[in-house]
Structure formats: C-alpha cells, structure tokens
Amino acid sequence: MNKQQLASKIWETANSMRSKVDAAKYKDYMLGFIFYKYLSEKEEEYLKSMGWEEEYNSQLNEDNPDIVENIRQNIGYFISYDNLFSTWIKLKRDFTIANVTDALSAFNRLIYKDYRKVFGGIFDTLGGSFSNSSDTVANKTKLAKDIIYLINDIPMNSKQDYDVLGFIYEYLIGMFAANAGKKGGEFYTPHEASVLMSEIVAYYLQDREKIEVYDSTSGSGSLLINVGKSFAKYNKNPNAVKYYAQEINDDTYDLTRMNLIMRGINPSNIFVHKGDTLKKDWPLFDDDQHIEETYERVRVDAVLSNPPYSHTWAPSEHEEDVRYEEYGLAPKSKADYAFLLHDLYHIKPDGIMTIVLPHGVLFRGGEEAQIRQKLIEKGQIDTIIGLPRNIFFGTGIPTIIMILKKSRPTNDVLIIDASKGFEKVGPKNTLRSRDIKKILDVVKERKDVEKYSRCVSKEEIVANDYNLNIPRYVDSSEKEENWDIYATMFGGVPNKEIKELNKYWDVLPSLKDQLFNPVSSEYSKCVAENTDEIISKNKDVIEFKETYKKDFDELRDFLTNELIEKMDTINIEKEEEIISDYIFEKTEKHPLIDKYTSYQLLDDVWNKIHGDLDTIQREGLAAARIIDPVTKIKKEKGETIETRVGWEGRVTPFKLVQETYFKDEFVKAAKIESELNENNSELNSLIENLSEDDFDIVDTDKTSFKATETKNALKKVYENIEIPGMEYIDEYLSLKGKKNKLEYQETHNQIQWSKMTPNRDGTYGKNAFATLIKTFQETYEFEEGSYEYTVKKADNLLTRNKELDKEAKELKKELTVKTMEKINKLTDEEILKLLKTNWIKPIVENIHGVPDSIIKELIAKVKTLSNKYKTTLVDIENEIKEAEQSLIPMMDDLTGNEFDMLGLQELKKILGGN
C-alpha cells in the first residue's frame, strides 16, 4: 500500500488499540517506538554496509568494545543485538516491558560523546511514561507489544522508505494534534500553514548553496522539516541545510529531535536546545560554555516560528537584553512582539523570517504600537498575510503570518487578505492547495489583486498612525445586496446591475443583447424564460468553449509524456508545479477562467498520483501487479485483532480493472448496490411514520428496522384483516363428503374459487384456502402512512434487501477472484493503459469541464437577476386587492351573534366593501 494508505491504517489501528491510555501518553509511546525502530534499523543498515552477517549477531554486545566503538563513532550510538527492535519482534511471547526499559537505559548510556546533544535523553519521555505508570507489568507489556507489532509494517530499508517513514511520522503527529483537544495540539503547526511558510522562505533563499534555519518555538519540528523539503526543490545537496531549534517542553523537545533525525539529516547539522526562548537567548555558538563575555549570537538565513499567542512574560527582567534594545519591550500580558524581536535578532542582514501571530499585533496600542512603528520606519515588515479563523490547533482566533526582512529595496508592505480562502474540514478550517498557491504567487510577484492584496506605501501607513489592520488597506468584503426602488415597484432590470456581469459580456459580447432588451436608458427587460437554451446556443459561448478545448488539445499528450514516459525519473515533488505551469499558461488566455480553480482540480487528483508514483519509483512497475489485503481492527475477548475484510491493488484499483475488463459484472453489481441504497433510504424515511409506541420494531438508535420484530408485527397486522367470505370458508371446510362440497361450490360464489388450485377430485383443501388468505393479505392495500402500511412496506424491503445482499456477495466474490487473477497477469502495456486512465483521464476531464462550470455559473447569475424584479410591489398590491375583493362576498355567508356580525361589517369596510 502507498504511504497515505499505510499511515491511515496505522492511525486507525492505533486509535482502536489505545483503550484507556491517555491520548497524550499514547502519542509519546507511538512516536517514541517508531523512532527506536528507526535507530535500530539504521544500525542494522550500517552493519550490512560493513559486511556484517547474521552469524555474528551474538558478538553485537558490550563485551566487544571494538565493535561498540566503531558503531558509536559512525552513527552516534550503539544498540546491542538483544535490544534491537527486530529482536523484540522475534521474542514474540517472551517479550516483556523490561526489554524496553533495559534497552532505553542502555541507549542513553552508550551515546557517543560528539552526539550527546542530539541523542542525549531523547527517550526520557518514552521511558518515563512506562516507569511512572502505575499500571501492571502485564498491561504495560501488552501495550508495548501491540505498538511494536503495529509499526513493524513501516518499511525502512531505502531512501524512499525513509521518505515513507517521515510522511507517516508527520501524519501521526498531525492526527494526534487534531485529536488532542483545545490545548493539546499547540505543539503542531498545521501542515498547510507550515507548507505555506516554508515555500515562502525556500523561494527567497533558492539561490544559496547552504542555509541555516531556526525555529524558536519548535514544537514537533514540522516547520523545519518542511522548509528543508521546500529548499530541496532548488538544492539537492542533503547537507545544504543546518537546523536550529528551541523548545521549552520536554516531550516536544524530544519530538523535534526525533522528527529531524528520522528525515536522514546528518546529526552534525542538527542543533536543538531545551529552554525558554524569552528567558534565555538561543541559539549560541557553544551553549555549554555560555558566559556573557564569550557570548556571540548565531545569525541564520531564516527563522520560522509559531509561538504561543499573547503569552505572558517578564519584560522587567529584560531591560538590558540586546534582543530588544532597538525596539523596546513587549507588554507583560502579550509576548507576541518579544518572540518576533527574538527571531528578527537572529536573522542575517539578508535573511528572512516568517512568524504566526494573533491579529491584534497589527493594531494594538501601547508598547506594541511603539515597536510596530519602529519596525515600519526601518522598513523591516515585508508582508502581512491574513489567514482564515480557526485554522490553528488550540485557538479559533484570527491569525496572520508576518514576513520580515532586515534589508529590503523598498519600504512598502504587501498586505494580503486570505481570510476567505479555505474549506471546512471537521471542526477546523483548512487552507486548500489553491489557497496556498494563490498566496505564494502574490508574495512572489508582489502584486495588487482586487479585494485580495495590495502593496501599501510607508507614507499611507504613517498617515494611518502605523496601524496595519488589514481592512484599512484591503477590502475583501462581499458586495452587499441592494434593491433598486424603481425596478422593485415597476419591474425591469437596472442596467447598472447588468453591468456588474461585464466580465462575461466582455468575452461573450453578443450574449447580453440576446438576454436583455433596453426599455430606457437605465433599465432593461429580460427577453425570455429559456435562459439556459439562449446561453448554451449563443455563438460566442460556443466559440469560447471550442477555443478553450482547442488550447487544451495537447493536454493528454503532455501528461502522458510527463507522467507515463518519465515515471521512473521525474522529481515527484516538482512535477505538480510543472503541470500547473502548463495549465496556467493555457488559462491565461481566458479571462473568465480562475487559474487557481484549475489548480485545485489538478491537486484533487494529484495526491493519488503522487502516492502511486512514489510506490512505482520504489518498487518498479511490478507494484501494479501486487495485491494487498484490506484489514479491519476489532476487539475479541479483550484482544485487539486485525482481520482481513477484502483486497485492493497496491497501485491498480480493483474498480478500474472491473470497469475495464469485466464491465457486465461491474454494471450488475452497481445496479444491485444502487437498489440497496434506494431501499435503505426508503426504510429510513418509513421510520418517520412510526409513533413512540411503535419503536419496538426498530433499533435503539431509531435508525433501522429489526427484521424479526418487523416480520412478527406484520403477522399481527394480517391477523386483524377481515377476510371476505371467511364464514363460508369455515362452513365449507366443515362439510363431509365430495358430493356436499361440490354442491356447495356451485351455490356459493362468495368464495373466489377460481383463484385457488383444486384437488384432483375438484374439491378444495386447507392448503388452498391458506394460500388464498395469504394472497389476500399480501395484496391488501393499507392507507399510506399508517402503521400497517409502514410495517408491510418495511418487511417487503427487508426481504428484498436480504435477497440482494446474497446476490451481491456471490457476485462480489466471483468478481474479486477474476480481478485478482487479472491484476496478477497484467502486461506492462496493460498497466500503462490503466495508469493513463487512472491518472490522466480525471485531470483531462476536470480541466476540460471548466468552461461548462463557468457557463453554469453565468446561467445562475442571469436567472437570479431576472427573478429579482420579476414580481413587483405593484403586482403584489394588485394581488392583495383581488384577494380582498373575493373575500368580501364570502363573508356575507357567515353567521354569528350580534357582536360577531358587527365585527364582520367593520372588516368589510376596511376591505373596501359596503
């Protein structure tokens, strides 16, 4: 499975196994064990490179100092054979929690002196969690065992595998943060915001051979990880980046180090410090020897940080602190500018910093206003990006990203209001790929975009008393709905409102006259009701679609060349940008097309393509013939069990193979599924017919019918039906002898003899009458919405669903076998054909469908405008008068007492009657 699928599976399994373990502690366990697995396999990889064979494993212990020293000096630590992660797996039932605690203790003792700052105490959080737990040894052992067996699936044997590991680690950190509650997620900067900040920094530094980056409140280290990945697009040297980080909390301090180390970063390029950034300046050249006389600050190329918002601090302790002497001290209750000035102090004269801050830093007064004024006067605030609310974990307040530089050619400030660009995912708002791309482009090009961004001169900011509040400079508010008084009274469409659609009329000039006829210099009339047809058949609309399609005629060939022909060699991280540049170049010719909408259409498909390409580059094209089990986690007798529930192609989707090679069976299966869905939808609606007294036939959640109880209820309903001629049936069955029965049949037509099957002698037995009664009951029509109707309908649907379920399972089983056989035998040519369908077809269809969505949007706007003034107030007034006049004669037919009649008489006067 690809890294996204594997990460999702591990998270799902971890969640199901967590049981009563505190979520924060479980995070420490999971992430700590993954890191230990990484270090173990890193050592094994080193030993293999030195020609180590399994037969020597017994010598891999502290009794062989030469081996120990060799390993320590080369990788920075030593793990004996007994303590390797792979050995834990081999122990199976003999594994105990003592294996873990002994191994962690030995690890810390055997770190090489030159690596102590990187590895020292890195497992304190993991080891402490077990040591301090009051749980039983058996429960601790079970918890540790569950986790190590779960993460054993993570591959770590090649560079690509380490990429997978890094992805999974970051994925798990993000999921733990998202599920950690209000305060628990503050250690993590959401991936989308982290990518945005990192891309900005990497673009600015792209021409440098080597860079140093720093995060003063590092949390999980995600900002540093992402800036390293972003810079790698421009510089392939794995040692081109030095990483500095400071973190105050023990567990997140360990998390930063683990995260950086597992990305394959050389430990000599990692400088992580535990401490309070505001209390004690860092980074320093040699923290262990720090004394004021030898103090020399480290200047870095970039600082990225997401400090705690409006944090309290002690400014009185920093009156002589060199970090703040140029600008002043932030107020005691809000340390936002203290963090900012600390970061600014550590960037080089040609460096850059990005920092996440609360919106208030832009306009609050007092000490903050004085600091803000000095930053503006020095021209060091480069860009302000207003973000959507509720985007960061732990807070829903509006936030910004501020970009600062010490040396700038201009002193203007680029202000971007990106607060409207997001999608809601669960309880949080999330930046979409299109939103990130748009912000990045505006930052790179430093351009004005209506209702989105503006470069504001220093003079204008000074005139606004150094207030940087975004709405003062960029009005991103939606245009308020207004109503024209004349059109409201008399009808017609104001020309000024038609003019608001000028972006469409400029591209489709003949269309406006087809839709609207002028009735005066200020008003027009909508021509016809068939707006859809007029717009769809307009010559300019047809030409617009054809021209667009022609511009993208070569898109399929371009994608085939990029993704299929070069799949083994392309830089996956850069490829989306190459494709988006191609699409942007084509869309530039079409002013009606929003290129960022097109980018999102590409990105929606890209994650799947990215995962497949990653797998193929690691495993070769043969990965498209591999089938993986789909598993589900469940609890049985207190044990967590992973069971297989199906199969899926590692690269080749079952659905695609079935649509391509087994279409008839696929269509049949789809029809069954569709009918099941319709039936289930109808069953859900039937529940609404039931009263509280009838809920015994549905489950406790009142979401589905119980089959047995429904069938029993139906039997009772049938028993209450009055069967026509029932007394004659009883009389007939009481008769003796064939002759009597035949005579009775001749003289009693109250019984429907023709609807039954007679015996050989022409008479009828009990079974025949039972069938007649059953048929009558089953065809009896109950009043729709009644209890009886609901029970009968529900039983019929449940019976049909049972038949469909059986048919679906048999068909699925047959189709699965055929699909697996086909995937296993796919030729290279067939694989490439399927990849084109799976990767290229959706991109082409999405991009080709853009003009249709534009025209659909225009149709909706025209209809809204046409309907807005369709019914005038004059029309409404006339309708009211007509209604009043028709009401008056009806009132003459009313009767009542003396006072009622006087009241009615007065009402008639008001309505205009005599």
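What follows is a conversation between a visitor and a guide about a predicted model.

Visitor: Why is Gly-76 called buried?

Guide: Buried means under 20% relative accessible area, and Gly-76 stands at 0%, so Gly-76 counts as buried. Gly-76 lies in the loop between α3 and α4 (85-91), and leaving aside residues up to four places away in sequence, Gly-76 touches Ile-71, Ile-111, Tyr-112, Tyr-115 and Phe-119. Gly-76 follows α3 and has a positive phi, near 100°, while the C-alpha atoms of Gly-76 and Asp-693, 617 residues apart along the chain, are separated by 72 Å.

Visitor: What makes the buried residues of α3 line one face of the helix?

Guide: In α3, which covers residues 65-75, the buried residues are Ile-67, Val-68, Ile-71, Arg-72 and Ile-75. Seen down the axis of α3, these buried residues fall within an arc of 125°, and therefore they line one face of the helix. An α-helix has 3.6 residues a turn, so residues three or four places apart point the same way. The face of α3 turned away from the buried side carries the exposed residues Pro-65 and Asp-66, and the cover over the buried residues of α3 includes α2 (23-49) and α6 (116-119).

Visitor: Which word applies to Thr-816, buried or exposed, and how do you know?

Guide: The cut-off for buried is under 20%, and Thr-816 has 16% relative accessibility, so Thr-816 counts as buried. Thr-816 lies in helix α33, residues 787-824, and touches Trp-647 and Phe-654, when residues up to four places away in sequence are not counted.

Visitor: Why is Cys-455 called partly exposed, and what is Cys-526 called?

Guide: Partly exposed is the term for values between the cut-offs of 20% and 50%, and Cys-455, with a relative accessible area of 22%, is therefore partly exposed. Cys-526, at 16% relative accessibility, falls under the 20% cut-off and so counts as buried.

Visitor: How many disulfides are counted, and by what rule?

Guide: A disulfide is a pair of cysteine sulfur atoms within 2.5 Å, and by this rule the count comes to zero disulfides.

Visitor: What makes an empty space a cavity, and how many are counted?

Guide: Rolling a probe the size of a water molecule over the atoms shows where empty space is left. A cavity is a set of points where a 1.4 Å probe fits but cannot get out, and the count comes to one cavity of 30 Å³ or more. The largest cavity has a volume of about 70 Å³. Among the residues of its lining are Lys-27, Asp-28, Leu-31, Ile-122, Asp-251 and Met-258, and α2, α7 (124-131) and α13 (250-261) each supply at least two residues of that lining. By class, the lining of the largest cavity divides into five nonpolar, two polar and four charged residues.

Visitor: What lines the second largest pocket, and which helix gives the most to that lining?

Guide: The second largest pocket has a volume of about 2100 Å³ and is lined by 45 residues, of which Lys-451, Glu-478, Lys-503, Glu-857 and Lys-861 lie nearest its centre. Helix α35 gives the most to this lining, with eight residues, and α16 (433-445), α20 (502-507), α26 (595-619) and α35 (850-868) each supply at least two. With Asp, Glu, Lys and Arg counted as charged, the lining of the second largest pocket has 22 charged residues, together with 14 nonpolar and nine polar ones.

Definitions and conventions. Residues numbered from 1 in each chain as written. Predicted model: local features only at pLDDT ≥ 70, side-chain atom pairs only at ≥ 80, totals over all residues. Heavy atoms only, no water. 1 Å grid on protein atoms, 1.4 Å probe; cavity = no way out; pocket = protein on both sides within 12 Å on 5 of 7 lines; lining within 4 Å. Points joined across faces, edges and corners; volume = space filled by probe spheres on them. Helix = DSSP H or I, 4+ residues; strand = E, 2+ residues; numbered from the N terminus. Buried < 20%, exposed > 50% of the residue type's maximum accessible area, 1.4 Å probe, protein only. Arc of directions from axis to C-beta. Contact = heavy atoms within 4.5 Å.
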